[in-house]
Amino acid sequence: MHYFDHASTSFPKPQEVIERMQSYLTQFGVSPGRGSYQLSQRAEELVEEARGKLAKVLKIKEVNHIAFTMNATHGLNIVIKGYLQPKDHVLICGYSHNAALRPLDRLKRERGVTYDVIPVDQKGQIDLALFRQKLTSTTRLFIATGASNVIGVKADFKEAFGLCRSAGVKILFDSTPSLGYQDVDMESIDFVVGTGHKSLLGPSGVGFLYVKNASDLPPYIEGGSHGNHAMSLEHPEKMPYKFEAGTINTVGIAGLLGALDYIHEKTFARLAERALAFTEMIWKEISCLDTIVLYGTDEIARKVPIISFNLKRIIPSQIAAELDKKYNICVRSGLHCAPLIHKFLGTLPTGCVRISTGHQNSEEEVALLIEAIKKIH
Ligand SMILES: Cc1ncc(COP(=O)(O)O)c(C=O)c1O
C-alpha cells in the first residue's frame, strides 16, 4: 500500500505516538487532575507536558492560552459560534474549508450574520481591493485559512491582517493545512485553530485552539473542569479550562505528545523539506503530460505538499479508483470539503484528484505513483 493522502491524515504515525498512547493506557490511564492520587497527577503532568511542547512548536509563550479540542473543526465552531453576534459581518477567504463555512452559514440563517467571500488566487494572493471594499464598520471577524487544502498553496495575508488590525477586526486563523510549512506569528492573531492528526502527526481526536483574550468568547461546552470550585455553577473563565469541559482526550493527547517529541527530534523543517521534495518531483514529472490540468503553482516556496490535477477525458474518481485497484496507491478525489475553491477553479461538480505527500513516503513510492499516472493518462 502506498499512501499519498497525508492532507486527510498523516499515516503511518511515528512509533513514539503508539508508545506514548500505550504507556498511558497501560500504566496510568486515569482521569487527569480529577484525583489527588499520584496516578491522576501523572496523567495531568502528561497533558501539561503536551501543552508545553505544543506551545513551543507553535511559538506561543502563553502556554495556558492553548486549549485542547477534538480537532480543528471543533475549534472553528467554538470561535465562530461563540464570537459572532446577530447581524455581525464576516470576511472569509476563498481557501476556506466546510469546517468554517458551514458553522458560518448556519449563523447566516439563524442569527442574520452576513459574510463575504474574498477570493485567494492560485498563487496565494488575496483580492485586496475587494477585501478593502467589503471591510465595513459592521465587520467583526476575518476567517483566514493558511493554505488551500485543495491546491496546496499558502496564502499571503500580511496586508489583509494589517487592514483587520487597523479596523479592529478580529482574526481567526485556520492553521490546519499550513502548520509546519508557514512561519506565522501566532501570538499576533486573536484565535488560532489546528488539528493534531495531520502535519502534527498525532492521532485523530485531538486538536487545539489558541485564544489571545479569553474574554472574547464564552465557553462552548460547560461541565466538569479544572479551575472553579465544584460547588460553583459557573464554568471557569480561566484558560485553558474554559474550553476543556468534561474528561479530555488524554490518550489522544498522549499520542500527540509522542508526535511532538518526534517532530522535535527530526525538526519540522526537515520533515517539511522531504515532503515538499516529493511534491516537487511529482509535479515536474506529471506536468509534461499533454492531457493534464494542474492547479495551483509550481513555485515550491509557496506550497504545502499537495498537488491537485485533472486528466482530460477521465473523471477524478475513476483515476483514484484505478490508482487504488491496480497500483495500491491511495489518493483522494472529488470535492475536498472546500466548495469555494472548486467554484473558483471551475472544477465543479466532479472536483479533482489530490495527491498529498508526507515525509513517510519513499523515493520508490513516488516513482511508482508517477509511472502509474503516466500509464492512466
Ligand atoms: C483547511 C481545513 N480546515 C479544517 C479542517 C478540518 O480538520 P479536522 O477534520 O481535523 O477538524 C481541514 C481538514 O481537512 C482543513 O483542510
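A salt bridge here is a side-chain nitrogen of Lys or Arg within 4 Å of a carboxyl oxygen of Asp or Glu.

**View 1. One salt bridge links the two domains of this predicted model.** By the rule above, the count between domain 1 and domain 2 comes to one salt bridge. Zoom in on Lys 123 and Glu 299: their side chains meet in a salt bridge, with 3.6 Å from N to O. That distance passes because the cut-off is 4 Å. Polar contacts also cross the interface of domain 1 and domain 2, with 13 residue pairs found, both partners at pLDDT 80 or more.

**View 2. Here is how the chain splits into domain 1 and domain 2.** Domain 1 covers 15-265, and domain 2 picks up at 267 and runs to 376. Their centres, taken over C-alpha atoms, sit 28 Å apart. For the contact, domain 1 puts in 35 residues and domain 2 puts in 31.

**View 3. About 2,600 Å² gets buried between domain 1 and domain 2.** Carbon and sulfur atoms give 64% of that area. Over on domain 1, look for Gln 122, Val 150 and Tyr 181, the residues that lose the most area to domain 2. Together these three make up 25% of what the domain 1 side buries.

**View 4. Polar pairs cross the interface, 13 of them, and two helices of domain 1 help build its side.** The elements giving two or more residues to the side that touches domain 2 are α4 (98-111) and α7 (250-266). The largest share, four residues, comes from α7. As for the mix on this side of domain 1, it's 18 nonpolar, 13 polar and four charged residues.

Definitions and conventions: Residues numbered from 1 in each chain as written. Predicted model: local features only at pLDDT ≥ 70, side-chain atom pairs only at ≥ 80, totals over all residues. Heavy atoms only, no water. Domains from an automatic or database assignment. Contact = heavy atoms within 4.5 Å. Buried area = accessible area lost by both parts, 1.4 Å probe. Polar contact = N/O pair within 3.5 Å; in protein donor to acceptor, adjacent residues only side chain to side chain. Nonpolar A, V, L, I, M, F, W, Y, C, P; charged D, E, K, R; others polar.
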